[in-house]
Amino acid sequence: MNKISFKVWCDKKKTRFYWVHIFKNKETMQAWNLKDGYNGSKRYAAVARSYSRQKLVKGRWKVKKDEQGCVSFDVHTLGAGIVSHEFTHAALYWFHAKYKDYRKLDNSKHDELLAWVQGNLVRQFWYQFYKLKKSKRIKRLK
């Protein structure tokens, strides 16, 4: 088993979600992301990516109605700081896709919404992670 995947939803209405992928090591994670179209630095231990509402499917770009992007982690570097950091990126990508303008964050309503989405993504991640840990699936990655 090279990775475990699950979804985390950005909002209460479940209109947009991120795929979360937990890989057995950094090299496997980076190879998968490269194959999936990410050509960023090779020095990352986790990465949040937004599909900008499109994703490469069988060599063609297709608009994804509810798939916002993916967040990838190496199981050996998982921790509260990295998880929170990557989901802050994810929440910002979600905000930009929904509102198109970061200046709206000057409004306390939007500021609170962004903070809620970020916290909700992190909460869902840890809920799913501990479910996987209890079922021993995480241990099989190591």
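This section describes the sheet, the helices packed on it and three residues with positive phi in a predicted model.

The strands β1, β2, β6 and β3 form, in that order, an open four-stranded sheet with mixed pairing. Strands β1 and β3 lie at the edges, each pairing on one side only. From one strand to the next, the twist averages 15°. Five bridges join β3 to β6 in the antiparallel sense, and Arg-49 has Cys-70 of β6 as its bridge partner.

Helix α1 (residues 26–35) lies across β1, β2, β3 and β6 and runs at about 155° to β6. Helix α3 also packs on the sheet, where it touches β1, β2 and β6, and its direction makes about 145° with that of β1.

Helix α2 spans residues 80–99; its 20 residues reach 28 Å from the first C-alpha to the last, close to the 28 Å expected at 1.5 Å a residue. Its buried residues include Val-83, Phe-87, Trp-94 and Tyr-99. The buried residues of α2 pack against β1, β2, β3 (46–50), β6 (67–74) and α3.

Most residues other than glycine have a negative phi. Lys-100, which follows α2, has a positive phi near 65°. Lys-14 has a phi near 55°, also positive, and is found in the loop between β1 (3–9) and β2 (17–23). Lys-14 is exposed, because its relative accessible area of 52% is over the 50% cut-off. For Lys-136, phi is positive at about 75°; this residue is placed in the loop between α3 (108–134) and α4 (137–141).

Methods
Residues numbered from 1 in each chain as written. Predicted model: local features only at pLDDT ≥ 70, side-chain atom pairs only at ≥ 80, totals over all residues. Heavy atoms only, no water. Helix = DSSP H or I, 4+ residues; strand = E, 2+ residues; numbered from the N terminus. Buried < 20%, exposed > 50% of the residue type's maximum accessible area, 1.4 Å probe, protein only. Expected span 1.5 Å × (residues − 1). Contact = heavy atoms within 4.5 Å. Pairing = 2+ DSSP bridges. Axes fitted to C-alpha atoms, helices over the stretch in contact; angles between N-to-C directions.
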